[in-house]
Amino acid sequence: MTDNVLVTDENRVRTIRMNRPEKKNAITRAMYSAMAEALETANADVVRVVVLAGAPGAFSAGNDMMDFMEAPPHIGGGDMPPVERFMRALVGCEKPVIAAVDGLAVGIGTTLLLHCDLAYATKRSMFTTPFVNLALAPEFGSSQILPGIVGRVVATELLLLGEKWDAETAAAKLLINKTLPEDDFETAVMEIAARIAGLAPGAVQAAKKLINTPAEDLFARIEREGEIFAGQLRSDEFKEAATAFMERRAPDFSRFG
Ligand code: COA
C-alpha cells in the first residue's frame, strides 16, 4: 500500500494518479506495484478505460534514483521487479489506457507513453529519456517502438542524445496525440475517456487488440479481422447498434461488459 498512487473509479473510467509531487512523481517500487495492481484488476473489473495521470507540472520524473541504486531492477532476469510487473500490466491491459501528461515526463515517464493507446499533454509538458546521459540504455521496447513511430534518426535524438522535446514537438512527432489547454486539461481528457466508455466494450477491446497485433501477412490480417468482425456482427452489442440505427436513436451500450 502507498499513498503515492491514487486509484479512483467513476463511470467506468479508472484513474491511476501518481501522487508524489514533492519528488516530481519519481516512481518508487511501491508505486509501480500499486499501479500494476490497478491495471491488472482493470481487465476483470467493469472498468472500460484507464486514465494514467500525474501531479500538476509533474507527470513523472522517472524511476526513483535511490530505488535504482538500492535495488537495481533486472528486467527479464528472474524475480520480476515491480517496474517490470507494472510495464507488463500496461502492455497487457485489455482496456484502452489514456495518458494525461501535465509537465515533466522523464525516463519511464516518457517510455510508458509508447504503451498507452492515447496520450494528451499540456503545452508546458516536456519529454525526455536521458538514459544514455545517465550511463543507462533504452528500456521496455522503446528502442523498437519509437523508431517505428518517429523514424530511426529522430528516435536517436531522444534515446541516445537525451534531447528534451516540448509538447508541440512531441505532438508533431506523434509521440503524443495532441496538446490540450492547461485550463480544464483533465476535464478534456476525461471527456475523451467518457466517449470511449460509452462505446461497445467488446468492439473497443477488439480494436485495441488488432491495432497492437504485430505486422503480419496482409491476408492473415484480413482473416484475423474477419473472424472478429463476424463475431461482432453476431453480438448483442451490434444488435443494439443496429436497432438504435433503425429506431433513429443513440445506441446504449451501458448493459454490456
Ligand atoms: N528520483 C528521485 N528523486 C527525484 C527524482 C528522481 N528521478 N527526480 C526528482 N527528484 C527529487 C529531487 O531529488 C528533489 O528532492 P529534494 O527536494 O528532496 O531535494 C525533488 O524531487 C524535486 O526535484 P528538483 O530537482 O528540485 O526539481 P526541478 O524542477 O529543479 O527538476 C527534474 C526536476 C525532474 C528535471 C530533476 O529533478 C531531474 O533531472 N531529476 C532526475 C530525472 C531523471 O534523470 N530521471 C530518469 C531516471 S532513469
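In which kind of crossing, left-handed or right-handed, does α1 pass α3? The views below answer this in a predicted model, in which local features need pLDDT of at least 70 and side-chain atom pairs count only at pLDDT 80 or more, while totals for chains, interfaces and linings use all residues. Residues are numbered from 1 along each chain as its sequence is written, and side-chain values use heavy atoms, with hydrogens and water left out.

**View A. Helices α1 and α3.** Helix α1 (residues 29-44) and helix α3 (residues 82-92) have axes that come within 8 Å and cross at roughly 25°. Because angles under 35 degrees count as roughly parallel, α1 is roughly parallel to α3. As for the opening question, α1 passes α3 in a left-handed crossing, a term used if the near helix is turned anticlockwise from the far one by less than a right angle, whereas a clockwise turn is right-handed.

**View B. Helices α5 and α6.** Packed at an angle of about 130°, helix α5 (residues 142-150) and helix α6 (residues 152-159) have their axes 7 Å apart. This angle makes α5 oblique to α6, the word for angles that are neither under 35 degrees, nor over 145, nor 65 to 115. Here α5 passes α6 in a right-handed crossing.

**View C. Polar contacts of the ligand.** In these pairs of N or O atoms (a polar contact is such a pair within 3.5 Å), a polar side-chain atom of K23 lies 2.5 Å from an oxygen atom of the ligand. The backbone also takes part: a backbone N or O atom of A61 lies 2.8 Å from a nitrogen atom of the ligand, and for N63 a backbone N or O atom lies 3.0 Å from a nitrogen atom of the ligand.

**View D. The shell around the ligand.** Among the 13 residues around the ligand, those that come nearest are K23, K24, A61, N63 and M65; a residue is near if one of its heavy atoms lies within 4 Å. The residues of this shell divide into eight nonpolar, one polar and four charged.

Key:
A polar contact is a pair of N or O atoms within 3.5 Å; within protein, one must be able to donate a hydrogen and the other to accept it, and residues adjacent in sequence count only if both atoms are side-chain atoms. Ala, Val, Leu, Ile, Met, Phe, Trp, Tyr, Cys and Pro count as nonpolar, Asp, Glu, Lys and Arg as charged, and the others, Gly among them, as polar. Axes are lines fitted to C-alpha atoms, for helices over the stretch in contact, and angles run from 0 to 180 degrees between N-to-C directions. Helices (H or I, at least four residues) and strands (E, at least two) are DSSP runs, numbered from the N terminus.
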